[in-house]
Amino acid sequence: QIEKGTSYLTARSGYLNIKEYAPRGYGGLELDILAWEKVGIHYSLLFGEKDFHMPLAPFGSVFLGLAVAGTEDTTGNNQIGLGLALGVLTAIIPEGISYNIKLSEKSGLAPYISPLQFEFLKGDGRDSYAGGSVGLRYHQYLSDKKFRISPAIEYKVHYNSNPHGGISAGLNIAYQLKKKSEQPTEE
């Protein structure tokens with residue numbers, strides 16, 4: 001069996017400066033999975049002073065699961081099992097996707113788009129937002145790619161009538177959880 005993908009668990013620290021909110025620092029964890037040859041997916045769970053960030057999909061999964069579970073099939077039975085299954089499948093939709101560009105054996109670039117973000121920013125007025133970002137990470141690999149240091153910068157917006165544009169910059173320090181398997185050679 002061929003295992004696909006290389007996974008990194010990342011400790012992330014950064015600075016967020018978004019319109020109409022006080023600048024703030026944050027920290028947390030990310031999971032970055034190389035799902036195809038050069039295409040990766042990622043999930044983030046970040047915390048800061050009056051700040052919380054996570055993928056948006058789990059929120060949508062709750063509503064979808066409850067909506068389906070509340071319906072009946074043609075025999076009059078409820079659809080709790082189907083609602084639960086659809087809710088779980090929806091919850092694992094990634095927050096974003098990246099394209100990995102190899103610069104050398106020990107470095108690379110990864111432009112990314114994260115259209116499915118949820119943020120809670122404490123301030124005046126509304127505090128919870130669905131949003132997205134576009135960004136760029138530079139990867140520097142260490143110890144046979146077992147570790148990775150990645151400075152990153154991104155432009156963020158919230159999906160509402162006042163999009164609150166802003167910049168987030170940070171540093172990721174990652175540990176490789178799973179290495180991509182080599183293709184078997186024919187003898």
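These legends accompany close-up views of a predicted model of a protein chain.

**Figure 1. The whole chain, from its N terminus on.**
Before zooming in, let us take stock of the parts. The protein chain has 187 residues, and 36% of them count as buried. Its secondary structure comes to 2 helices and 10 strands. Starting at the N terminus, the order of the elements is β-β-β-β-α-α-β-β-β-β-β-β. Contacts tie together parts that are distant in sequence: among those in the chain with a separation of 6 or more, 55% join residues 24 or more positions apart.

**Figure 2. The largest cavity and its lining.**
Where is empty space left inside a model like this? Rolling a probe the size of a water molecule over the atoms shows where empty space is left. A search of the whole structure turns up 1 cavity of 30 Å³ or more. The largest cavity holds about 110 Å³ of space. Its lining is made of 18 residues, and those nearest the centre of the cavity are Arg12, Leu46, His53, Glu154 and Lys156. Two or more lining residues come from each of these elements: strands E1 (7-18), E2 (24-34), E3 (39-48), E4 (51-55), E7 (107-121) and E9 (147-158). Which strand gives the most to the lining of the largest cavity? That strand is E7, with 4 residues. Sorted by class, the lining contains 8 charged, 6 polar and 4 nonpolar residues.

**Figure 3. Leucine 46, beside the cavity.**
This view stays with one of the residues that lie nearest the centre of the largest cavity, Leu46. Leucine 46 belongs to strand E3. Is leucine 46 buried or exposed? Its relative accessibility is 6%, so leucine 46 counts as buried. Look around it and you will find, beyond its neighbours within four places in sequence, contacts with Arg12, Tyr26, Gly27, Gly28, Leu29, Asp51, Phe52 and His53. Two of these partners, Arg12 and His53, also appear in the list of residues nearest the cavity centre. For another distance to trace, take leucine 46 and glycine 14: they are 32 residues apart in sequence, while their C-alpha atoms are 9.6 Å apart in space.

**Figure 4. Helix H1 and its two faces.**
Now we turn to the helices. Helix H1 covers residues 57-69, which makes 13 residues. From the first C-alpha to the last it reaches 18 Å, close to the 18 Å expected at 1.5 Å a residue. Ala57, Ser61, Gly65 and Val68 are the buried residues to look for in H1. Seen down the helix axis, these buried residues fall within an arc of 70°, so they line one face of H1. On the face turned away from that buried side, Phe63 and Leu66 are exposed. What do the buried residues of H1 pack against? Their partners are E4 and helix H2 (80-91).

**Figure 5. Serine 61, where H1 meets H2.**
Here we pick out one residue of helix H1, serine 61. With a relative accessible area of 7%, serine 61 is buried. Leaving out residues up to four places away in sequence, serine 61 touches Gly87, Thr90 and Ala91. Serine 61 and valine 88 are 27 residues apart in sequence, yet 6.8 Å separates them in space, C-alpha to C-alpha.

**Figure 6. Helix H2, the partner of H1.**
Helix H2 has 12 residues, which should span 16 Å at 1.5 Å a residue; the C-alpha atoms at its ends are 16 Å apart, which agrees. Gly83, Gly87 and Thr90 are its buried residues. Around the axis they cover an arc of only 70°, which puts them on the same side of H2. The buried residues of H2 pack against H1. On the other side of H2, you can find Gly81, Leu84 and Leu89 exposed.

**Figure 7. Two loop residues with positive phi.**
Our last view looks at the loops between strands. Glutamate 20 sits in the loop between E1 and E2. Its phi is near 75°, a positive value in a residue other than glycine. Glutamate 20 is exposed, with a relative accessible area of 54%. Lysine 50 is found in the loop between E3 and E4. Although lysine 50 is not a glycine, it has a positive phi of about 60°.

Key
Residues are numbered from 1 along each chain as its sequence is written. This is a predicted model: local features need pLDDT of at least 70, side-chain atom pairs count only at pLDDT 80 or more; totals for chains, interfaces and linings use all residues. Side-chain values use heavy atoms; hydrogens and water are left out. On a 1 Å grid over the protein atoms alone, a cavity is a set of points where a 1.4 Å probe fits but cannot get out, and a pocket is an open set with protein on both sides within 12 Å along at least five of seven lines; lining residues have an atom within 4 Å of a point. Grid points are joined across faces, edges and corners, and a volume is the space filled by probe spheres set on the points. Ala, Val, Leu, Ile, Met, Phe, Trp, Tyr, Cys and Pro count as nonpolar, Asp, Glu, Lys and Arg as charged, and the others, Gly among them, as polar. The expected span of a helix is 1.5 Å times one less than its number of residues. Buried means under 20% relative accessible area, exposed over 50%, partly exposed in between (1.4 Å probe, protein chains only). The arc is that of the directions from the helix axis to the C-beta atoms. Contact means heavy atoms within 4.5 Å.
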